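Visitor: Please take one part of this model and go through it with me slowly and in full. I would like to see how the pieces of a single region fit into one picture.

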There are 2 protein chains.
Amino acid sequence: MRAAARIRWYGRAGEGQETQVQELYYEDLEPGRVFRGRGRRQVDRDEIKAFAREFDPQPFHLDEAAAEQSLFGGLAASGWHTAAITMQLLVTSEFRIAGGLVGLGVEKLRWPRPTRPGDELRVEVEVLTARESRSRPGYGLVTTKTTTFNQEGAAVQEAVNTMIVPRRETSP
Amino acid sequence: MRAAARIRWYGRAGEGQETQVQELYYEDLEPGRVFRGRGRRQVDRDEIKAFAREFDPQPFHLDEAAAEQSLFGGLAASGWHTAAITMQLLVTSEFRIAGGLVGLGVEKLRWPRPTRPGDELRVEVEVLTARESRSRPGYGLVTTKTTTFNQEGAAVQEAVNTMIVPRRETSP
């Protein structure tokens with residue numbers, strides 16, 4: 001990372017200690033750059049069911065026996081639960097955007113396989129494209145691919161997102 | 001809806017009474033058809049912060065004062081919170097797919113404005129395209145646009161989703 005970046009101290013998920021993390025500006029996000037989150041988050045059966053009760057109350061997210069008979073063949077987390085966990089892993093990772101991670105939208109979201117009870121998830125972010133914003137001077141628009149992996153290295157989510165990122169030179 | 005659809009009884013969010021809802025099959029989902037969810041879900045300040053603490057711990061979702069100074073100009077729900085609430089409104093609406101609402105992926109997700117404390121959300125689903133699945137006989141792939149509105153009729157989320165839906169004629 002570049003020396004000019006402001007440096008702050010943050011805790012990181014799953015580490016239990018303070019770790020030095022630099023804030024990233026538009027200029028740091030060159031296409032092709034990859035960030036591997038060191039944080040891990042394990043997902044258990046009760047969390048899967050609790051999220052589902054509140055946000056996605058369908059049998060295959062709530063009940064083992066019903067899930068066995070479904071397309072999922074066993075208890076599976078809601079895709080929106082996987083998406084929310086991915087956000088937490090991103091926000092607490094070293095992929096720390098100056099001013100916060102503000103998404104303009106998602107271009108694509110896939111769940112190649114479900115998150116299962118006991119899975120331990122982690123994220124990787126690859127910068128795909130970066131361009132200056134015409135409507136907001138001082139900001140850039142950065143498109144990334146975020147992949148969420150389980151403990152076996154298999155993708156449970158792939159997302160292409162566009163976010164708004166301040167430029168270093170014009171930031172206060 | 002067609003008379004041949006199986007009929008089940010379900011409660012519906014925000015109504016407090018049992019309502020007759022038909023299960024929908026591939027054949028029911030003609031492009032152009034629109035489903036307006038009757039369910040409503042109000043989102044309060046504490047819920048916004050609780051979701052953010054678990055899944056999107058950034059100042060503009062957690063703290064009013066910090067949110068005032070951010071791009072959001074005030075406390076805003078995480079976009080993933082809006083997405084999760086949308087799923088709950090869909091799953092408990094009359095848009096009830098036979099076998100459950102199983103998404104293959106999201107083609108596009110936008111948050112034109114944030115969900116704010118006190119907002120009351122509802123959903124509408126429009127069928128965009130429907131085609132038979134080549135890899136899974138007996139199923140169709142249906143692409144919909146789901147819009148989530150606040151109490152003023154302004155969109156807080158627009159999503160284009162593809163889901164897998166059983167065909168009536170080949171279902172057991």
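Visitor: I would like a close look at where the two chains meet, and to begin with, by what turn, and with what shift along the axis, can chain B be laid on chain A?

Guide: This is a predicted model, in which local features need pLDDT of at least 70 and side-chain atom pairs count only at pLDDT 80 or more, while totals for chains, interfaces and linings use all residues. Residues are numbered from 1 along each chain as its sequence is written, and chains are lettered from A and ligands numbered from 1 in the order in which they are written.

To your question: a turn of 180° and a shift of 0.0 Å along the axis lay chain B on chain A with an RMSD of 0.0 Å, where the superposition is by least squares on the C-alpha atoms of residues with pLDDT of at least 70 in both copies. That is the relation of a two-fold axis.

With that relation in mind, we can turn to the contact itself, in which 29 residues of chain B touch 29 residues of chain A; two residues are in contact if their C-beta atoms, placed from the backbone, lie within 7 Å. Of the interface residues of chain B, 100% are also interface residues in chain A, so the copies meet through the same surface. On the chain B side, the elements that give two or more residues are α1 (45-55), α2 (59-62), α4 (79-91) and β6 (102-110) of chain B; helices (H or I, at least four residues) and strands (E, at least two) are DSSP runs, numbered from the N terminus. Sorted by class, this side of chain B has 16 nonpolar, 8 polar and 5 charged residues, with Ala, Val, Leu, Ile, Met, Phe, Trp, Tyr, Cys and Pro counted as nonpolar, Asp, Glu, Lys and Arg as charged, and the others, Gly among them, as polar.

Among those elements, consider the helices. Helix α4 (residues 79-91) of chain A packs with α4(B) at an angle of about 170°, and their axes are 10 Å apart; axes are lines fitted to C-alpha atoms, for helices over the stretch in contact, and angles run from 0 to 180 degrees between N-to-C directions. That makes α4(A) roughly antiparallel to α4(B), since angles under 35 degrees count as roughly parallel, over 145 as roughly antiparallel, 65 to 115 as roughly perpendicular and the rest as oblique. Trp80(A), Ala83(A), Ala84(A) and Met87(A) make this contact with Trp80(B), Ala83(B), Ala84(B) and Met87(B), a set that divides into 8 nonpolar, no polar and no charged residues.

The strands meet as well. Strand β6 (residues 102-110) of chain A pairs with β6(B) in the antiparallel sense over 4 bridges, where two strands pair if DSSP finds at least two bridges between them. Within this pairing, Val106(A) stands opposite Leu109(B), and Gly105(A) stands opposite Arg110(B).

From here the pairing can be followed further into chain B, where β6(B) and strand β9 (residues 155-166) of chain B pair antiparallel over 7 bridges. Leu109(B), the residue opposite Val106(A), has Ala159(B) as its bridge partner in β9(B).
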